[in-house]
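Thanks, everyone. I would like to take a few minutes to walk through one model, beginning with how its strands pair and ending with its cores.

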Amino acid sequence: MSHFLQLHLLTFYPPSNLNRDDTGRPKTATVGGVPRLRISSQALKRAWRSSAIFAERLREHRGQRTEQLAFIAPEERAAALALSDRIAAGEKIEPTVEQLLRHADTAADIAMFGRMLADNPQFNREAAVQVAHAITTHRVTVEDDYYTAIDDLKTPEEDAGAGFVGEFGFGSGIFYLYACIDTGLLLRNLDGHRALAADACAALAEAAATVSPKGKQPSFAARARAHYILAEASNVQPRTLAGAFVKPVQDGDLAAASVIQLEAWRDKLDRAYGPAAEATAAMDVSAERGTLAEIVAFCRDAAGHA
């Protein structure tokens, strides 16, 4: 029985600006003393949660956001609508929180990513999925793009210049992404619905591998898929493998070198602390090793036996 499912992904993004800061430039982080590109965990989770994969794989088992920016489960929405129908029919009812909210439900995304209700904390949901900010495995310098817009209604005789001049930043790199799923907590959040927990973990793995954040996509078309995935099922304390990239990758083949550096660091940690996983599955596109279908099946099975 495994209580944790960990995902480690390496994904190459061409020139893009997937996640912007308050100035419109790509988010960055200094790691190992050098600048890296960064994609926030919020941007990643938002992309996955709103993806077609979640919509198709989880269907009616997804939460909906209210005007107060709080997620509610399908059962809670149904209870609220049923109660409003009774009130509209003339029943004298004083609605209570207990009539509407649930401590556990079948909203897979709420079970995975949690929710906070400031006025009713007893109905908060602790997130079963932890997602790290993705960072590049190597040094990256943000570049600037200068662009212009031409006023098509003006003739050259009127004004040969641009109608607008602007600039924005972009960058490219191989991102390391780490996510950890507490499968035991996920199952409790879903009120013991084991099949749904398995579906949720499978959907998360598929989305993490294939869904890109939407920032500036019309300008860059940076639709990428992970070229490397390592999935681990274990009962021991989870750990990120980001330490593999404290020393930035510098080899000419950054993709292959990133895989080598990650797996070497994992082996060193296992020698020092003991094996961190009872079972693993890996996919490496360049080495023609493994498939996404195998990763998804592994995650489904790990969650189904939690």
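Let me start with strand 6 (residues 129-131), which is joined to strand 9 by three bridges, the two strands running antiparallel; strands here are DSSP runs (E, at least two residues), as helices are DSSP runs (H or I, at least four residues), both numbered from the N terminus, and two strands count as paired if DSSP finds at least two bridges between them. Within that pairing, Val-131 stands opposite Ala-179 of strand 9.

Before going further, please keep in mind that this is a predicted model, in which local features need pLDDT of at least 70 and side-chain atom pairs count only at pLDDT 80 or more, while totals for chains, interfaces and linings use all residues. Residues are numbered from 1 along each chain as its sequence is written, and side-chain values use heavy atoms, with hydrogens and water left out.

Which other strands pair with strand 9? Strand 1 (residues 4-16) does so in the antiparallel sense over eleven bridges, with Leu-10 having Tyr-176 as its bridge partner. Strand 7 (residues 134-136) is also antiparallel to strand 9, over two bridges, and there Thr-136 is matched with Phe-175. Strand 8 (residues 143-149) contributes seven bridges, again antiparallel, and Tyr-146 has Glu-167 as its partner.

Strand 9 itself spans residues 164-182 and is mostly covered, since 14 of its 19 residues are buried, where buried means under 20% relative accessible area, exposed means over 50%, and partly exposed lies in between, using a 1.4 Å probe and protein chains only.

Turning to the cores, a nonpolar core is a set of buried Ala, Val, Leu, Ile, Met, Phe, Trp, Tyr and Cys residues joined through side-chain atoms within 4.5 Å. The largest has 57 residues, and those with the most contacts inside it are Trp-48, Phe-54, Met-112 and Leu-186. Its largest share, eleven residues, comes from helix 7 (residues 194-210). A second, separate core of 16 residues includes Tyr-176, Tyr-228, Val-259 and Leu-269, and Tyr-176 is the residue already mentioned as the bridge partner of Leu-10.

Finally, consider Val-34, placed in strand 3 (residues 34-39): is this residue buried or exposed? Val-34 is buried, with a relative accessible area of 11%. Leaving aside neighbours within four places in sequence, Val-34 is in contact (heavy atoms within 4.5 Å) with Ala-29, Arg-139 and Pro-248. The C-alpha atoms of Val-34 and Arg-139 are separated by 5.9 Å, although these residues are 105 residues apart along the chain.
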